[in-house]
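Me: Please take a close look at one chain of this complex, down to the packing of its helices. What does it look like overall, and what do its helices touch?

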Amino acid sequence: MRTIMAIVEVVDETALELAHAARSLGEVHLTAAVFGAEDAGCAELARYFDRVVNFPLSPGAVFDAEHAAAALTPWLAAEQPFLILLSHTNNGLDLAPLLAARLDLPMLADCLELGLRDEQLTAVRTLYAGKVHARVVADAKGGALATLRPGAFDGDEAIDRGGRIETAAVPPGPPARRRLLETVAAEAGSVDITQAEILVAVGRGIEEQENLEIVQSLAAALDAEVACTRPIVDKNWLPKSRQVGTSGQSVSPKVYLAIGVSGSFQHLGGVKGKPFLVAINQDAAAPIFAVADVGVVGDLFDLVPLLEEKIRARKG
Amino acid sequence: MHFELDKGQKDIQRAARDFAKGEFDKELALQLEKDHAYPEKIWKKACAEGFIGLHFPDEYGGSDYGILENALVVEEFCRRDSGIGAALLTAHFACEIILHHGSPEQKSNYLPRVTGGECLSAGAFTEPMHGSDITSMSTTAVRDGDDWLINGVKTFITNAGHCGFYVVLVQTDVDAKHRGESMFVVDADLPGIEVASVGEKMGLKMIPTGEVSLKNVRVPGSALLGIENQGFYQVLQFFDESRIEVAAQAVGTAQGAFDRALEYIKGREQFGIKIAKFQAIQHKLAEMATQLELARLITYKAAWLADHKKPDTKLSAMAKYYAGKVASEVASESIQMFGGYGYITEFEVERFYRDARITEIYEGTREIQKNIIAGQVLGKLP
Amino acid sequence: MNIIVCIKRVADTSEAEIVIQRGGQGLEEEDFAWGINEWDNFAVEAAVQLKEQHGGVVTAMTLGGEDDEEVLRRALAMGCDEAVHLCDEAFAGADAWGIAKALAAAVRGRSYDLLLCGAVSGDAGGGQVGGFLAGLLDLPLVALATCLEVGSGNGGTGGVARVRHEVESGLERVVEVDLPAVVTVQTGINEPRYVSIRGIRKVAGAEVQVLDGAALGLQAAELGSAGARVRLEELFLPPRGEGAEVLEGSDEEIVQRLVEMLHQRGGL
């Protein structure tokens, strides 16, 4: 039976997605490698994985890609799994390619689908921020590594697999070349968009900082908070605390109104809980329309003020 | 013979494109246009990045490039936005006369202020009674000791009231017609200078255009620009260069309108099909693309000749005449392709059209260009 | 502080219509605007700023065809000191691994404190090259940097950098990393300057060093599509799936309908 190793940063939905993707490849023996998990976490993983290997962390330490790469490289080299799976998260970006290079394995990054054809691993991944999809293939005879886009795969069903839990012995290596100094939250804003029921999210399509006004005004009419995509924060037009996405906040509103938002997976990765998603965008090919419930292709500079007017009229 | 820009020229083209993409914004342009406001911030930034007067020598804040490189920048700027582009290209208007004929003091006093974004410049040639005919001036300069006293009225002056100085064409020998014309650099804040509006313009709404009256404006002898009584010839020489810049403005404006029309027809459907699939549209598009290519070629050739010390009056006039005509026609057809939307300010092409029309008027109307071309072709008739 | 910054020329498809070529192996490129990868532009700016603070030499490096030289010239005009172009017909079809192997070969033997890359590219977007380089060169890696400061360090003889980088849940971590190191740069880390006319003028005569596969000591089997570990089978347009219900009509009608929907389905 083929062995697959899933590298688990934290025990959450992404771990179940890794498990599900692995199981979809046929009969496999599935191991989760996890860092500094508590007993409960290991037990939870054992319901989905055939084996759970816990890499202990020194007290107070957190998952760190440099440390993980150092610990995993000799272990994986010895175990020789058929496939290594990671989530394509920020930590995944920090760890996976490093691991692939050290283990000299082919790597498929940011996969939306994963398949097996003889000794070849196939995947679907995106190009040009989702405008194009590509079916790619890698020869996996000598093993392979793949990172999976969070949310692209279903989570595995809870069948209690009764996985064996063990603790890995990490031999002391050379002193770490990278040392954690501190963890910092995005600078605190006056608002907490994670608690908002209605979010009006604004993206690059707004073009100019001055134009944010129409969005803020619409949000006021809706009693909503304004959220935004990364480029808006990069330009310092809105504070980081309003950024939704894999590098920003995770939100779960009831209504998500995306204005001039193209819909990159990094942004959508922060939109949880399946809100009623409305997209207004000039570009009919924007990936946001593939996931929105309702789409309007048109000029937001006309539509947004009009929408505000109608909403205010309705409220009386 | 080869028809390709060199690497450095392509770098400049890309840099201008990036700058325009980053700084020129449609909504901002519409607002500036509405407010009749000069794009002050963008102009200062353009100066800081070296785009204004890049064809001036290093020592005056330029980068020692040629007229062709300047034309490439002008084209890219106008392509992105005909209004902001025009405002930037006229920021250094008439400075080339100082560059070619000015004293070392005049050059180091005036040119770095323009390239450095301290002030705009202006050329005051046209008079209410003369228009494009500059063979004799009503404005006079009369010696008064070591000074000169200037009197007269200049009209349609770009940057009037918003510039640091004017390059003024005057009559110094009233009996000698064009052989008695001279030029002066006149600081804009001198007593006796007053600026009045010329009225609402069709286009170029971000650029101040006014009537400048000079009443006993006293300037020192050192304000004489070039050689006394050679002003007419100095202006003609200037026009050989500046018309290339206007031609580049026209090419960029035409290209900008064309880009917008092209994008529109590829997306717009009528009767269930993309209008780009209609042959009538395709043929029109083919004509526009061909016109654009020709206008660009003749503009680049005129610039290339000027840069290779072979300035060609006829070719400069041809470039300005033809590119101006193409700009008006292509912008007009672009409006047509947009249909009703083309008539709406939001969709920009009507503004490109209004801004295109000036290229057939200023720095010599198209009729004057034809006179020049015919004169050069015919030579002296017996 | 010697820095090598690895950059890539990519197509900007944001305003282009995507048309896949027959056979599914490529895209129709006429409409594409080409330029430096957005993340790489931030990396170049970061490198130049570090040089301006600490002195040293910044070398820009790219792998690609002749047209790709433009991004090197651009980097020089922004303030990089040297440019290296890995250019060989045999590189065509290289995957991220092949690109990283060639870059690693070109980097070996040079003196540097920092190796900067954009965190991802706007085209393939796998975010792998930086990590591969760290693995191939046995250097520490920090991915997704949002702030980068260096202490000492002169040509690979030690020193440390303080890097703030993105991890999960909107958190960032500040790490100290021994130099030389690989850092991949996230957008927003700085405000990249424009390429100025004076910048272009300064580098008008600059030489770009061109290296082919043989100069890098790479075998034909390691190059381009021959050496690719990940091969493209087919490009296709993303399935629209269920997708959005797209509202049609005049702005007035659309907005009216939208208000109704927000009321009914959004519970407003």
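Reply: **Chain A and two of its helices**

Chain A has 316 residues, for which a compact globule would have a radius of gyration near 20 Å; the value for chain A is 22 Å, which agrees (taken over C-alpha atoms, with the globule rule being 2.2 Å times the number of residues to the power 0.38). The model is predicted, so local features need pLDDT of at least 70 and side-chain atom pairs 80 or more, while totals for chains, interfaces and linings use all residues. Residues are numbered from 1 along each chain as written, chains are lettered from A and ligands numbered from 1 in the order written, and side-chain values use heavy atoms, without hydrogens or water.

The C-alpha trace of chain A spans about 65 × 45 × 35 Å along its principal axes. Chain A holds nine helices and 15 strands (DSSP runs numbered from the N terminus: helices are H or I of at least four residues, strands E of at least two). Of its 316 residues, 60% are buried (under 20% relative accessible area, 1.4 Å probe, protein chains only). Among contacts in chain A between residues at least 6 apart in sequence, 62% link residues at least 24 apart (contact: heavy atoms within 4.5 Å).

Helix H5 of chain A covers residues 212-222, and Leu212(A), Val215(A), Leu218(A), Ala219(A), Ala221(A) and Leu222(A) in this helix are buried. These buried residues pack against strands S11 (198-202), S12 (225-228) and S13 (255-259), and against H9 of chain A. Just after H5(A) comes Asp223(A), with a positive phi of about 55 degrees.

H9(A), residues 300-315, also meets another chain. Its axis comes within 9 Å of the axis of H7 in chain C, residues 251-264, and the two cross at roughly 50 degrees (axes are fitted to C-alpha atoms over the stretch in contact; angles run from 0 to 180 degrees between N-to-C directions). H9(A) and H7(C) are therefore oblique to each other (neither under 35, nor over 145, nor from 65 to 115 degrees). The crossing is right-handed, the near helix being turned clockwise from the far one by less than a right angle.

On the H9(A) side, the contact involves Asp302(A), Leu303(A), Leu306(A), Leu307(A), Lys310(A), Ile311(A) and Arg314(A). Facing them in H7(C) are Asp251(C), Glu252(C), Ile254(C), Val255(C), Gln256(C), Leu258(C), Val259(C), Glu260(C), Leu262(C) and His263(C). Sorted by class, the contact of H9(A) with H7(C) has nine nonpolar, two polar and six charged residues (nonpolar: Ala, Val, Leu, Ile, Met, Phe, Trp, Tyr, Cys, Pro; charged: Asp, Glu, Lys, Arg; polar: the others, Gly among them).

Terms used
Buried means under 20% relative accessible area, exposed over 50%, partly exposed in between (1.4 Å probe, protein chains only).
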